[in-house]
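Dear colleague,

Please find the structure below, handed over for your review. A short account of what was found in it follows.

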Amino acid sequence: MSKLIIAKFGGTSVADFEAMSRCADIILANEHIRVVVVSASSGVTNLLVDITKTTEVQQRYDAYAGIEQITLKVLNRLQQPQAVAAQIELLLGELKALIENGGAVYSSAHKDLIQSFGERLSSVLFAQVLIERGEAALCFDVRRVMRTDSRFGKAEPQIGALADLAAVHLAPLLQEQRIVTQGFIGADEFEQTTTLGRGGSDYSAALLAEALQAVTVQIWTDVVGIFTTDPRLTAEARCIPEISFDEAAEMATFGAKVLHPATLLPAMRQNIAVFVGSSREPEAGGTWIAKEVQQRPPYRAIALRKSQTLITVKSPAMLHAPGFLTRVFDTLSRHQISVDLVTTSEISVALTLDQGGMTSAFSSNLEPALDELRTFCEVSVETGLSLVAVIGNHLHSSKGVSGELFSTLERINMRLICHGASKHNLCFLVQDSDGPGVVKQLHQRLFAA
């Protein structure tokens with residue numbers, strides 16, 4: 001379908017009936033939006049996670065009651081709630097049964113199934129909102145096409161199978177009606193429900209855009225586009241009208257919360273433009289992400305990522321000894337520890353791990369890996385650090401970049417600096433307590449009007 005647009009709406013954008021109505025306005029204003037991907041209503045996913053984490057039955061029922069309340073508030077605002085009441089009741093009943101029969105601890109597969117209910121509920125309600133606005137709309141179960149592997153909690157999409165299934169089951173429906181479907185969830189080859197990890201709704205939208213050969217993915221959230229830095233850190237942060245795929249990928253990787261880091265991969269593969277805007281203020285514009293942009297300034301944005309761990313491994317045997325680094329990284333790989341930044345000297349190597357992000361290394365247990373490293377080298381571990389990333393263009397070759405940055409921060413203790421490996425970023429570690437002030441100082445120096 002030519003000029004096809006996929007629109008994704010986040011949790012705050014479908015938080016309640018009023019929010020869903022604003023999103024309906026956006027959709028109805030653009031005939032090319034044929035596929036709508038929704039997150040769970042704000043707060044619902046957290047409650048579902050609470051159900052899977054606690055072993056106390058009463059706490060599970062308390063979380064269920066919160067989900068039911070959020071859902072029924074929207075249902076009762078519909079003009080024709082009876083049209084979807086039975087479907088909503090069935091879904092809530094299935095969720096309640098999983099609580100009643102869950103046992104002390106849920107399996108990984110059951111956790112994913114439980115966490116899928118947020119999107120399944122919101123998509124039924126949102127489709128009815130569109131229907132009551134006079135639109136032909138269908139709630140489509142994305143698990144019919146979003147084929148993944150069986151890594152519950154962080155499933156990997158099977159790109160080829162997804163494209164084939166979308167061509168058969170989804171593409172033929174687009175001419176007749178708008179499709180409302182779920183982000184974040186999928187199914188493996190055995191039809192078991194899987195999830196793509198927190199924030200995966202953005203990724204879902206981009207994957208569907210790739211499979212359906214869309215021209216644009218719209219990401220509607222609660223902020224007006226991507227900013228030069230987190231507006232909570234400085235009032236001087238401003239929206240970026242356009243940004244390249246490379247720059248946006250760096251921002252997502254290094255802490256910008258607006259986009260899931262994986263979102264851009266399908267868009268980059270098929271050169272699909274991505275727009276980020278606010279569903280509360282659609283008239284305020286937003287940020288376009290594309291392969292080609294009109295301007296590529298030296299400095300585009302500053303990202304801050306807290307809760308970093310710095311590991312330093314040291315061994316005199318490393319001096320002029322081939323294979324030491326291979327041994328270090330082989331150890332980390334076998335324990336499924338993901339490394340972000342690396343610097344080396346003659347007898348030591350320092351590397352960073354992300355404790356709290358979507359790509360967190362700490363989904364694995366770090367201690368066994370450290371114990372193994374200690375069998376052949378000294379290991380020191382520092383926590384409570386923040387990673388500051390200056391994002392831009394040609395930072396590896398522009399004269400004066402390092403001087404401009406470091407003269408601004410001459411009184412700040414930096415624990416690690418990475419510069420030159422990428423033309424799009426310069427990164428360094430500071431204490432968590434210094435992070436916000438560092439970003440504010442740098443932003444004032446680099447982005448002053």
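**Helix α11 and its surroundings**

In this predicted model, helix α11 (residues 324–334) has Phe324, Val328, Thr331 and Leu332 as its buried residues. Buried means under 20% relative accessible area, with a 1.4 Å probe and protein chains only; helices are DSSP runs of H or I with at least four residues, strands are runs of E with at least two, and both are numbered from the N terminus. Viewed down the axis of α11, these buried residues fall within an arc of 95°, so they line one face of the helix; the arc is that of the directions from the helix axis to the C-beta atoms. They pack against β11 (299–314), β13 (348–354) and α12 (366–373), where contact means heavy atoms within 4.5 Å. After α11 comes Gln336, with a positive phi near 55°.

**Strand β16**

Six of the seven residues of strand β16 (residues 425–431) are buried, so the strand is largely enclosed by the rest of the structure. Strand β14 (residues 378–392) pairs with β16 in the antiparallel sense over seven bridges; pairing requires at least two DSSP bridges between two strands. Val388 has Phe428 in β16 as its bridge partner.

**The protein as a whole**

The protein has 14 helices and 16 strands. Of its 449 residues, 51% count as buried.

**Conventions**

Residues are numbered from 1 along each chain as its sequence is written, and side-chain values use heavy atoms, leaving out hydrogens and water. Local features need pLDDT of at least 70 and side-chain atom pairs count only at pLDDT 80 or more, while totals for chains, interfaces and linings use all residues.

Kind regards

Definitions and conventions
Buried < 20%, exposed > 50% of the residue type's maximum accessible area, 1.4 Å probe, protein only.
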